[in-house]
Amino acid sequence: MSEWLENHLPKVVLAPSFIAVLIFVYGFIGWTAWVSLTRSKLLPKYEIKGFVQYERLFDSPRWDTAINNLYIFGALFIVIAMVLGLALAILLDQKIRVEGFIRTIYLYPMALSMIVTGTAWKWILNPGLGIESTVRGWGFENFTFDWLVNPDFAIYTIVMAAVWQSSGFVMALFLAGLRSVDGEIIKAAQVDGIPTWRIYTAIIIPSMAPIFLSAFIVLAHLAIKSFDLVIALTGGGPGYATDLPATYMYAMAFSRGDIGQAAASAMIMMLVVFAIVVPYLYSELRAKND
Amino acid sequence: MKRFAFATASSLAVLAASSVMAEPQAEVLHWWTSGGEAKSVAVLQEEFAANGGTWTDMPVAGGGGDAAMTALRARVLAGNAPTAVQLKGPAIQEWYEEGVLADISNVAEAEGWDKVLPASIAAHMKCEGTWCAAPVNVHRVDWIWANADVLAANGIEMPTTWDEFNAAAEKLQAAGVIPLAHGGQAWQDATVFETVVLGLGGPEFYNKALVELDPEALTSDTMVKVFDQMRTLRGFVDENFSGRDWNLATAMVMNGEAAFQIMGDWAKGEFLAAGKEPGKDFLCASTPGDGYLYNVDSFAMFDVEGDDKRAGQELLAKLIVAPKFQEVFNLNKGSIPARTDVSLDKFDMCAKISAEDMATSSENGSLLPSYAHGMALRGAQAGAITDVVTAHFNSDMSSQEAVQQLADAVANSY
């Protein structure tokens with residue numbers, strides 16, 4: 001008996017969580033996929049009606065806006081957060097004094113919830129309360145900074161707040177990566193008289209490729225599931241100019257009683273996540289098999 | 001442990017007692033959780049208890065009822081619906097179609113609801129001829145509020161046509177006053193939009209366009225004019241309106257920063273709470289044009305099992321529509337009673353105007369459901385229209401384009 005237990009203990013311990021994940025993650029993905037093929041309105045129905053919800057989804061100008069916003073927000077957020085995080089990490093890596101203190105300062109925004117970040121930035125960017133009125137108060141009467149209330153630019157305010165929140169975290173990731181590069185190689189390069197910037201671009205950064213991938217995956221999924229930041233900062237407005245797929249899905253499922261439509265948009269969101277995560281998993285698994 | 005045992009024992013005792021006596025039980029799901037609203041519900045709760053009932057309160061705050069609807073969906077799917085739920089308009093019919101509403105016709109007939117409720121409001125409370133919900137109040141949506149001093153200082157009368165309103169607004173703008181206090185949230189844009197549809201198109205057009213969703217009406221020249229007027233109104237709103245809450249816009253009228261606000265009569269509560277007097281400090285009038293847009297809160301009765309719950313449901317329905325509760329509740333909430341035979345002595349002048357207009361408009365058929373507040377259309381259709389309205393208001397979209405998008409969005413919402 002005890003021998004059997006010894007052999008099977010890992011499986012026994014893992015089984016409950018395995019079953020829970022199977023039901024609550026994959027089971028409900030399947031359920032959502034099913035519902036997205038029905039005409040469900042207020043309550044879910046199970047009679048399959050084909051791809052009508054997807055047709056409605058792609059005919060909807062609001063969904064168009066949401067998807068475009070996801071591209072704009074996702075691309076800018078990931079690129080700027082990575083560039084800024086890397087720059088901060090490299091600067092911090094110059095063996096400066098009080099590094100621990102500065103690192104904490106940059107990391108702290110991560111400790112705030114997105115709701116707090118969104119609300120604070122809403123006040124900072126509000127033309128009547130924040131930057132615009134302050135600068136005008138200094139005597140620059142023509143100064144305008146109304147991105148928050150301008151439908152064409154509102155999405156960029158979300159990028160700003162999200163970058164502010166996350167770049168410190170990306171910095172910490174990169175800093176760990178920088179520290180893990182073999183010091184001997186760098187010393188050898190220095191002995192050869194290679195300039196510092198070349199050491200970074202040719203040796204250190206290429207050797208951090210896995211860190212880049214991790215940072216990308218973390219930021220990408222943050223971007224796709226972004227919801228609370230939009231709700232707190234713009235409420236999806238002006239109009240629906242800053243809608244993202246997640247807020248679209250919420251509006252359909254919970255405000256409008258259009259569950260089929262919400263399920264279809266959720267499936268599309270999942271496909272976008274898959275498009276990013278599957279290549280990553282594939283490369284990870286292949287690396288192990290080799 | 002001891003306390004737990006005691007609690008279990010006593011709750012078992014209560015259960016045993018209630019199953020013997022079948023005393024009225026009601027579990028009520030609502031989202032009236034803020035100041036004046038919570039007070040209003042407490043009135044009902046006390047009356048229910050005074051009549052020997054046991055009230056189980058189930059307040060779910062947040063999201064203008066979204067959170068409560070999520071809770072309701074979960075309860076219904078689990079086969080354990082609350083006794084009564086704060087629901088309104090077509091949502092009642094939607095739930096009825098899911099086959100989960102109860103029939104309270106015996107109460108309604110015994111109490112003569114048909115005689116005291118305006119016909120179009122009574123129609124919302126019926127599901128295929130049987131009564132399935134009880135109305136609590138009538139909010140009027142098409143109100144225009146004004147700061148009396150600002151109007152007097154600029155020599156402006158309360159406008160009775162949209163042209164008059166535009167002329168007055170231009171004058172105010174020249175004098176450095178914000179003509180229209182508005183909050184840039186989708187539902188507020190929709191509120192202004194529906195009053196413009198009613199004002200420019202008239203009750204019949206409103207009914208065709210926003211109740212029957214007739215594609216011809218939606219793409220008509222009148223609708224183009226409505227969007228033109230929305231564009232004009234956009235020019236009367238201050239720069240900083242995006243995302244502003246409605247009560248902050250009301251405050252702008254109160255302190256003279258702005259002259260007008262278009263908002264339902266819950267705005268009156270803000271004025272009164274700040275110690276302002278109707279007729280003296282602030283003015284109320286219906287928005288330019290004929291007709292009356294109502295927003296009626298009601299409790300839908302869900303199918304429940306057990307005599308005690310059925311008894312509770314019937315008692316609750318009776319109390320909600322009874323004159324006493326209708327008076328007390330609506331004095332607290334700023335709306336007017338749904339039944340027409342309640343004395344209005346204790347109500348203010350705006351409420352009296354509202355009640356009078358409700359009676360006349362009920363007679364001439366211009367008593368209409370508000371689309372922006374979920375009375376006229378189902379969620380998906382109303383949402384589709386609101387999307388277009390708010391997109392137009394917040395961009396430089398042309399009126400023709402807006403009209404086309406409106407028709408497309410409605411067609412795509414089924």
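Two residues are taken to be in contact if their C-beta atoms, placed from the backbone, lie within 7 Å. On that basis, in this predicted model, 26 residues of chain A touch 25 residues of chain B. On the chain A side, the elements that chip in two or more residues are α2 (52–59), α3 (61–92) and α12 (245–255). Sorted by class, that side of chain A comes out at 11 nonpolar, 9 polar and 6 charged residues.

Staying with chain A, an unreviewed UniProt entry places the annotation "domain: ABC transmembrane type-1" on residues 67–280. That stretch of chain A is 73% helix and 0% strand, and its end C-alpha atoms sit 22 Å apart. Helix α3(A), one of the elements on the side facing chain B, also packs against helix α7 (residues 154–180) of chain A, at an angle of about 40° and with the axes 6 Å apart. The two helices, α3(A) and α7(A), are therefore oblique to each other, and the crossing is right-handed. As for what fills the contact of α3(A) with α7(A), the residues split into 22 nonpolar, 4 polar and no charged.

Chain B offers another helix pair. Helix α18 (residues 379–393) and helix α19 (residues 399–411) of chain B pack at about 160°, with 9 Å between their axes. Angles over 145 degrees count as roughly antiparallel, so α18(B) and α19(B) fall into that class. Their crossing is right-handed. From α18(B), the contact draws on B:Q381, B:A384, B:I385, B:D387, B:V388 and B:H392, while α19(B) supplies B:A402, B:Q405, B:L406, B:A409 and B:V410. By class, the residues of this contact are 7 nonpolar, 3 polar and 1 charged.

Then there is the sheet. In chain B, 4 strands line up as β8-β9-β7-β10 to give an open sheet with mixed pairing. The edges belong to β8 (178–181) and β10 (282–286) of chain B; each has a single partner strand, so one side of each goes without a neighbour in the sheet. On average, neighbouring strands here are turned by 20° against each other, direction ignored. In general, strands of a sheet pair through backbone hydrogen bonds, in either a parallel or an antiparallel fashion. For strand β7 (residues 143–147) of chain B and β10(B), the arrangement is antiparallel, and 5 bridges hold the pairing. Within the sheet, B:W145 stands opposite B:C284 of β10(B).

Note on methods. Residues are numbered from 1 along each chain as its sequence is written. Chains are lettered from A and ligands numbered from 1 in the order in which they are written. This is a predicted model: local features need pLDDT of at least 70, side-chain atom pairs count only at pLDDT 80 or more; totals for chains, interfaces and linings use all residues. Two strands pair if DSSP finds at least two bridges between them. Axes are lines fitted to C-alpha atoms, for helices over the stretch in contact, and angles run from 0 to 180 degrees between N-to-C directions. Angles under 35 degrees count as roughly parallel, over 145 as roughly antiparallel, 65 to 115 as roughly perpendicular and the rest as oblique. A crossing is left-handed if the near helix is turned anticlockwise from the far one by less than a right angle, and right-handed if clockwise. Ala, Val, Leu, Ile, Met, Phe, Trp, Tyr, Cys and Pro count as nonpolar, Asp, Glu, Lys and Arg as charged, and the others, Gly among them, as polar. UniProt positions are given in the numbering used here, feature names are shortened, and annotations may be inferred rather than shown by experiment.
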